[in-house]
Amino acid sequence: SNFKTNFFNGIVNLRKNYTDYVQGGMKFTTWNDPATPHDEALLTFLTTAYKFYEYAEQQNKGYRTPIKRLTKFLSGFNADWQQRYDQHNNTPAAQAFRTTMMVAALSHAFQKDLRADFRALNFAISDTDWAFLNPQVLDISVKELIVGASGSAGTFDIVSNVAWALTSSQPWLTANASLGTGNKTVTLTASANTSLSPRSAMVAISANGLDARTVTVTQAGVAPSLTVTTNAVNVNAAGSDKPTVGVVANTNWTATSPQPWLSVSPATGSGNMTVTLTASPNTSATPRTAQITFAANGTESKIVNVSQAGATVFTNVLATTLNLAFTEGSTATFDIVSNTAWTVASSQPWLVVAPASGSENAKVTITASANPLIDPRKAVVTIRANGVADKTIEVSQAATPITSLSAPVDREIKVFPNPAHEWLKVDGLPANSQITLYDLGGNEMKEVKSSKPETSINIQDLPNGLYLILVRQEGYYSIFKVFKTK
């Protein structure tokens with residue numbers, strides 16, 4: 001515990017001395033003048049000691065190995081070194097040697113060329129002395145490299161003055177040099193990574209007696225990709241053809257159909273595959289569409305538009321004639337069997353159809369108003385659809401049964417003039433009579449109620465032709481024919 005405390009305090013003091021050296025203008029010297037009472041070189045040497053601590057912490061391998069290497073390097077101090085060191089004289093050559101020897105010793109200890117670091121601290125290093133001292137250096141410019149997925153390369157520098165060997169841990173990563181001496185820019189080339197997952201390799205640079213250096217190389221995985229061979233497919237109405245879509249992918253994918261009438265097989269897959277589309281028969285004359293979605297994580301989905309043709313148009317009616325009672329609101333129905341849109345129309349206003357339009361199979365109701373005529377009347381119902389011939393149904397409505405064709409015995413009804421031009425007069429009416437004027441199609445044209453024996457009807461707005469006048473009173477009917485002329 002005391003050792004750790006003392007060590008920590010020592011580092012703190014070294015840091016303070018280093019800060020004093022830097023903030024004091026980096027007054028570098030390796031000479032302590034004996035004529036002065038203070039030590040001029042103290043901050044320079046303490047700065048060197050602090051940098052030793054800093055490099056050891058950066059390498060995170062402890063202090064023992066670099067101290068051993070430092071000691072071994074300094075043990076080479078010989079007469080030649082001593083002469084250059086020249087401890088009794090402060091010559092520029094001696095100062096340069098002393099400085100270079102300190103930096104070379106640290107460089108040898110940590111196998112790094114530290115000249116640039118110390119020159120930044122105003123240390124006067126001599127490259128000539130550096131070459132003479134020849135500290136063993138094996139260093140690299142980076143410890144990690146990241147390369148792209150598609151056959152890309154990366155570079156790093158070996159800084160060394162010894163023979164070295166380079167090895168790669170993976171066959172997919174190669175270097176432009178496996179052996180060398182001195183500095184070298186190494187190019188690493190990675191083959192294409194076809195996997196989605198990143199991969200890594202280790203490049204080791206070793207030299208006899210020195211710690212190996214390693215570069216971790218990480219190669220990115222290839223980006224997920226998904227394409228389809230077509231974006232539009234046609235299917236016949238019967239669904240008998242089974243078109244295919246090619247999937248080109250490097251990952252897992254899914255294929256989904258939003259419509260129950262269209263299925264895909266297989267619906268999931270990985271990599272390149274062929275998907276078959278199966279459509280159920282389209283019984284409608286209307287074409288239909290669906291969109292198949294191909295999806296994969298990490299990439300944009302692809303859409304294939306599928307169009308299925310409509311069936312051949314047909315419209316059939318399961319009736320050719322219909323009969324209706326004479327009463328008001330008499331009805332009948334018929335069935336339409338179709339695969340397309342259709343309309344229904346009546347040729348007479350007294351006959352109403354519902355619904356008047358629709359599509360595919362349906363039941364249609366016809367409704368007639370009361371037949372006021374003593375004869376049956378007819379209408380034609382027409383069913384139309386594009387692409388097929390019209391279908392018709394003949395509708396017959398029974399005649400109104402007549403209780404009597406004459407007025408009560410005490411009266412004789414007269415209608416005059418006949419032909420008429422503007423007015424018709426009806427005379428001899430029973431009390432509370434109802435007079436109705438019809439055209440020959442049974443369509444009501446005029447209606448008058450009268451409580452008097454006679455009444456007049458204005459017919460000048462009616463087209464020329466033959467009309468029927470029906471007089472009703474207490475269950476009795478009288479019918480007259482009248483001509484309208486100019």
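Which strand gives the largest share of the lining of the largest cavity? Keep that in mind as you click around; the tour starts there. One thing before you select anything: this is a predicted model.

**Stop 1: the largest cavity**

Select residues 465–473. This is strand E33, and with three residues it supplies the largest share of the lining of the largest cavity. Now add the rest of the wall: Pro372, Leu373, Ile374, Asp375, Tyr438, Leu468, Ile469, Leu470 and Ile479 line this cavity. Colour them by class and you should get eight nonpolar residues, no polar ones and one charged. The space inside comes to about 60 Å³. If you want to hunt for others, the model has three cavities of 30 Å³ or more. Rolling a probe the size of a water molecule over the atoms is what shows where empty space is left.

**Stop 2: two cis prolines in one loop**

Next, go to the loop between strand E28 (414–416) and strand E29 (423–427), where you'll find Pro417. Zoom in on the bond leading into it: the peptide bond from Phe416 to Pro417 is cis, with omega near -15 degrees. Stay where you are, since Pro419 also lies in the loop between E28 and E29. Asn418 and Pro419 are likewise joined by a cis peptide bond, here with omega at about 10 degrees.

**Stop 3: the largest pocket**

Now for the largest pocket, which holds about 280 Å³ of space. Select Gln59, Lys112, Asp139, Lys143 and Arg213: among the 13 lining residues, these lie nearest the centre of the pocket. Where does the largest share of this lining come from? Show helix H2 (residues 42–59), and you have the answer: H2 contributes three residues. Strand E1 (138–140) and strand E9 (213–219) are worth showing too, as H2, E1 and E9 each supply at least two lining residues. Colour this wall by class as well: it has four nonpolar, four polar and five charged residues.

**Stop 4: around E1 and E9**

While E1 is on screen, pick Asn134, in the loop between helix H7 (127–133) and E1. Its phi is near 50 degrees, a positive value in a residue other than glycine. Is Asn134 buried or exposed? Neither, quite: Asn134 is partly exposed, with a relative accessible area of 45%.

Then move to Leu210, in the loop between strand E8 (199–206) and E9. Leu210 is buried, at 9% relative accessible area. Draw a distance from its C-alpha atom to that of Val137: you should read 8.3 Å, although these residues are 73 apart along the chain.

**Stop 5: helix H5 and what follows**

Select residues 92–110, which make up helix H5. How far apart are its end C-alpha atoms? At 1.5 Å a residue, the 19 residues of H5 should span 27 Å, and the end C-alpha atoms are indeed 27 Å apart, so the two agree. Switch on a surface and H5 mostly disappears beneath it, as 17 of its 19 residues are buried.

Just after H5 comes Gln111, with a positive phi of about 55 degrees, even though Gln111 is not a glycine. Gln111 belongs to the loop between H5 and helix H6 (115–119). At 1% relative accessibility, Gln111 counts as buried.

**Stop 6: the aromatic rings**

Show the side chains of Tyr18, Tyr21, Phe28, Tyr50, Phe52, Tyr53, Tyr55, Tyr63, Phe110, Phe118 and Phe123, which form one aromatic cluster. Across the model, the count comes to 15 aromatic pairs. For one of them, zoom in on Phe52 and Tyr63: this pair is tilted, 6.5 Å centre to centre, with 35 degrees between the planes. Phe52 lies in H2 and Tyr63 in the loop between H2 and helix H3 (64–74), so the pair ties together parts that are 11 residues apart in sequence. Phe52 is buried, at 12% relative accessible area, whereas Tyr63 is partly exposed, at 22%.

**Last stop: arginines over rings**

Finish with two charges. The charged end of Arg98 sits over the ring of Tyr85, 5.6 Å from its centre. Then select Arg199 and Trp172: Arg199 lies over the face of Trp172, at 4.2 Å from the ring centre.

Notes: Residues numbered from 1 in each chain as written. Predicted model: local features only at pLDDT ≥ 70, side-chain atom pairs only at ≥ 80, totals over all residues. Heavy atoms only, no water. Phe/Tyr/Trp six-rings, centres within 6.5 Å; stacked < 30°, edge-to-face > 60°. Helix = DSSP H or I, 4+ residues; strand = E, 2+ residues; numbered from the N terminus. Buried < 20%, exposed > 50% of the residue type's maximum accessible area, 1.4 Å probe, protein only. Lys NZ or Arg CZ within 6 Å of the ring centre and 35° of its normal. 1 Å grid on protein atoms, 1.4 Å probe; cavity = no way out; pocket = protein on both sides within 12 Å on 5 of 7 lines; lining within 4 Å. Points joined across faces, edges and corners; volume = space filled by probe spheres on them. Nonpolar A, V, L, I, M, F, W, Y, C, P; charged D, E, K, R; others polar. Expected span 1.5 Å × (residues − 1).
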